[in-house]
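Me: Could you help me take a close look at a single part of this protein? I'd like to see how one piece fits in with whatever surrounds it.

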Amino acid sequence: MCTVCGCGGDGATISDATGGHAHAHPHEHGHTHGQDVHGHGEGHSHAPGEAHVHTHADGTTHSHGHDHGHGHDHAHHDAHDHHPAGGTLDYGAGPARAHAPGLSQARMVEIETSILAKNDDYAARNRARFEAAGLLALNLLSGPGAGKTTLLVETLKALAGRLATAVIEGDQQTDNDAARIRAAGAPAVQINTGKGCHLDAHMVGHAAEKLPLPPGGVLFIENVGNLVCPAAFDLGETKRVTLISVAEGDDKPLKYPDIFEGADLILITKADLAPHVDADMARLEANIRRVNPRAEILRVSARGEVGLSRWLAWLDKARAERLDALAAARESEAQALRAAMSAAVSGGAR
């Protein structure tokens with residue numbers, strides 16, 4: 001995941017809702033957008049004997065050993081402890097579930113915990129903002145080419161005139177997808193993450209500031225196409241929707257379990273192409289169930305007989321449930337305030 005892949009948000013830019021000039025957002029401590037979430041550019045501290053991994057501007061890295069006088073670090077032994085002789089080299093078997101040269105498993109867990117804690121704080125702020133607006137916020141995740149943008153464009157066309165929507169688009173470069181969304185009639189802000197391979201909650205918070213958030217409507221957040229890193233980052237969404245196309249292979253949920261495991265809904269896209277790509281739909285769904293038995297699974301297509309009807313029905317139901325839950329919470333708060341006011345009046349009358 002992002003604690004080891006070397007991606008960064010240093011080059012992230014955010015457009016306005018009409019496709020105006022994109023700009024990098026500097027944080028209060030002088031870093032460009034994404035740095036304080038990822039910990040890039042901040043001071044380094046090292047435990048005695050721990051290796052220091054240095055990342056250059058071009059993304060290349062090298063490590064410096066400390067206090068040992070030799071170049072072979074303990075993280076190398078730590079990772080290889082999980083490799084059976086002659087078997088699979090399983091770098092995901094340790095507590096960090098990953099490997100980075102020069103970093104021990106314990107240090108990687110420490111870094112990941114710090115990064116995600118910062119992100120979760122921003123996600124909580126986003127969630128509060130979305131709740132205040134009565135929004136159903138959906139985080140759409142998939143690998144590249146699964147059809148997120150096409151599905152979203154057709155969905156926006158189907159919802160036009162009956163449900164207010166807004167969109168945050170995430171890609172490493174270009175505003176192509178945001179332009180397609182705006183052409184479909186919905187306001188959209190484009191986030192370009194540069195070398196970053198996922199959106200984070202801080203980016204989404206700044207993008208939301210540039211959008212006319214539709215009260216009681218739906219906010220679609222289309223994440224960067226990536227089956228790994230986006231799964232780890234809460235954006236403040238109400239629900240997660242993971243997409244997989246029929247052409248990607250029925251073993252993808254087993255190869256990339258995290259992005260499926262955290263989903264509330266899984267959409268099997270391009271379902272009309274299944275007979276043409278020899279897709280085993282039963283096996284694909286069974287593999288999804290092995291990873292995530294609780295998620296609802298829907299087969300959809302932006303064209304053809306399968307269509308979007310079940311997906312649109314799911315959206316209507318999810319939005320109604322969201323509004324009911326928010327209304328109930330606010331009524332409970334109102335009752336508590338009325339009770340407090342009654343108690344104050346009674347106490348003053350004595």
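Reply: Happy to! A word on naming before we look: helices (H or I, at least four residues) and strands (E, at least two) are DSSP runs, numbered from the N terminus. Please also keep in mind that this is a predicted model.

Let's start with the whole chain. The chain holds 11 helices and 10 strands, and 44% of its 350 residues count as buried. Its accessible surface is about 16700 Å², with 53% of that belonging to carbon and sulfur atoms. Among contacts with a separation of 6 or more, 68% are between residues 24 or more positions apart.

The part I'd pick for you is strand β9 (265-269). Here "buried" means under 20% relative accessible area. Five of the five residues of β9 are buried, so this strand is largely enclosed by the rest of the structure. Try following its side chains one by one: L265, L267 and T269 point one way, I266 and I268 point the other way, and all are buried. That fits a general habit: in a regular strand the side chains alternate between the two faces of the sheet.

Now look at the partners of β9. With β8, β9 pairs in the parallel sense over five bridges, and there S245 stands opposite T269. Strand β10 (residues 296-299) also runs parallel to β9, and four bridges join the two; in this pairing, I266 faces I297. Between β9 and β10 you can trace a helix, α10 (residues 281-291), and the three elements together make a right-handed β-α-β unit.

The loop between β9 and α10 holds K270. The phi of K270 is near 55°, a positive value in a residue other than glycine. That is worth pausing on, as most residues other than glycine have a negative phi. Is K270 buried or exposed? At 31% relative accessibility, K270 falls in between and counts as partly exposed. You can find a similar case at T174, which has a positive phi of about 70° although it is not a glycine. T174 is in the loop between β5 (165-171) and α6, and its 40% relative accessibility makes it partly exposed.

Next, see what β9 helps to build. The largest nonpolar core has 30 residues, and L267 of β9 is listed with L138, F220, W311 and W314 as having the most contacts inside it. Besides β9, the elements giving two or more residues to this core include β4 (136-141), β7 (218-222), β8 (239-245) and α11 (309-349). As a general point, nonpolar side chains tend to be buried together in soluble globular proteins. To get a feel for this core, pick L138: leaving aside neighbours within four places in sequence, L138 is in contact with residues including V218, F220, W311 and W314. Another core, of 20 residues, lies apart from this one, and I168, L199, A207 and L213 are among its members.

To finish, compare your strand with a helix elsewhere in the chain. Helix α4 (residues 105-132) has 28 residues and reaches 40 Å from its first C-alpha to its last, close to the 40 Å expected. Its buried residues include M108, I115, L116, Y122 and F130. Just after α4, G134 takes a positive phi of about 70°.

Notes. Residues are numbered from 1 along each chain as its sequence is written. This is a predicted model: local features need pLDDT of at least 70, side-chain atom pairs count only at pLDDT 80 or more; totals for chains, interfaces and linings use all residues. Side-chain values use heavy atoms; hydrogens and water are left out. Buried means under 20% relative accessible area, exposed over 50%, partly exposed in between (1.4 Å probe, protein chains only). Contact means heavy atoms within 4.5 Å. Accessible areas come from the Shrake-Rupley method with a 1.4 Å probe; for residues, only the protein chains shown count as cover. A nonpolar core is a set of buried Ala, Val, Leu, Ile, Met, Phe, Trp, Tyr and Cys residues joined through side-chain atoms within 4.5 Å. The expected span of a helix is 1.5 Å times one less than its number of residues. Two strands pair if DSSP finds at least two bridges between them. A crossover is right-handed if, with the strands pointing away from the viewer, the path from the first strand over the helix to the second runs clockwise.
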